[in-house]
Amino acid sequence: MFYRTEIKDYVRVPPALFGAEVKDSIKQELQEKYKNFISPELGVVISVHQVLDVGEGIIIPGDGAAYYDTVFSLIVFRPELQELVYGSVSDITSFGAFLNLGPIEGMIHISQTMDDYVSFSKSNVLTGKNSKKSLKSGDMCVARIVAVSFKDPSDPKLSLTMRQSGLGKTEWIEQDKKKVASEEARTAKSAGKEKEAKAPKAEKKGKKK
């Protein structure tokens, strides 16, 4: 999930940036510091949103740079267990598929791509034996996060599933919705006919009494 989070920290501004506005200099340094930044606490930093407050600058002897007590906000992506995510398939392998979520990728094991026996073809396509559903690079999908690991903070791992109801390739989801709507319509139609068939009998029975 995407969040806007506030942080308080001392920001170092080198002498080369002393001529610019303090907030602009600080934001420039923050953008460089948090570029491609990932941590278990913050998640994946997308961008520096805004410099909110700047305190008095302190110059440390022998350094030459100014340090400012700063409050700023970041836009971050923090993956959460059971969260629904939307993305495109970036790669297909013999053991599953990788889903590009924008700031990060998640992996869907081949057994979690669909509720079927799945085979891998040399053309990099996963196909269901009974359903004939296929999954390939570029397909848009909805998945659920089932595991998050920050064992390597610079390269977090997300495990996803698409076997649950309402998940999978967007085309499959639309097909399932149409199928359910069609079945509901048939059920309603059958119930209506049954009601009509029973109505005259009830009326005749009433007259006999």
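How far apart are the mean positions of the positive and negative charges of the chain? The answer is 19 Å, for 32 positive and 28 negative charges. The model shown here is predicted.

**View 1. The whole chain is more spread out than a compact globule.** The chain holds 2 helices and 13 strands. Its radius of gyration is 28 Å, whereas the globule rule gives 17 Å for 209 residues. The computed value is well over the rule, so the chain counts as more spread out than a compact globule. Along the principal axes, the C-alpha trace spans about 105 × 55 × 25 Å.

**View 2. The surface and the buried residues of the chain.** About 13,300 Å² of the chain is exposed. Carbon and sulfur atoms supply 52% of that area. Of the 209 residues, 32% are buried. Contacts also reach along the sequence. Take those between residues at least 6 apart: 58% of them join residues at least 24 apart.

**View 3. The largest nonpolar core has 25 residues.** In soluble globular proteins, nonpolar side chains tend to be buried together. Here, Val89, Leu99, Leu135, Leu160 and Met162 touch the most other members of the core. Several elements each supply at least two of its residues: strands β5 (84-93), β6 (96-100), β11 (140-149) and β12 (157-161), and helix α2 (170-208). The largest share comes from β11, with 4 residues. Another core lies apart from this one. That second core has 16 residues, including Leu17, Val51, Tyr68 and Leu74.

**View 4. Leu99 and the residues it touches.** Leu99 is one of the core members that touch the most others. Leave aside residues up to four places away in sequence. Leu99 then touches Gly87, Ser88, Val89 and Ser90. It also touches Ile104, Glu105, Gly106 and Ile108. Further along the chain, Leu99 meets Cys141, Ala143 and Leu160. Two of these partners, Val89 and Leu160, are themselves among the core members with the most contacts to other members.

**View 5. Gly57 sits in strand β3.** This strand covers residues 43-59. Is Gly57 buried, partly exposed or exposed? Its relative accessibility is 39%, so Gly57 counts as partly exposed; the buried class ends at 20% and the exposed class starts over 50%. Beyond residues up to four places away in sequence, Gly57 touches Tyr67 and Tyr68. Tyr68 belongs to the 16-residue core. Ile38 lies 19 residues from Gly57 in sequence. In space, the two C-alpha atoms are 28 Å apart.

Notes. Residues are numbered from 1 along each chain as its sequence is written. This is a predicted model: local features need pLDDT of at least 70, side-chain atom pairs count only at pLDDT 80 or more; totals for chains, interfaces and linings use all residues. Side-chain values use heavy atoms; hydrogens and water are left out. A nonpolar core is a set of buried Ala, Val, Leu, Ile, Met, Phe, Trp, Tyr and Cys residues joined through side-chain atoms within 4.5 Å. Buried means under 20% relative accessible area, exposed over 50%, partly exposed in between (1.4 Å probe, protein chains only). Contact means heavy atoms within 4.5 Å. The radius of gyration is taken over C-alpha atoms; the globule rule is 2.2 Å times the number of residues to the power 0.38. Accessible areas come from the Shrake-Rupley method with a 1.4 Å probe; for residues, only the protein chains shown count as cover. Lys and Arg count as positive and Asp and Glu as negative; His and the chain ends are not counted. The place of a charge is taken as NZ of Lys, CZ of Arg, CG of Asp or CD of Glu.
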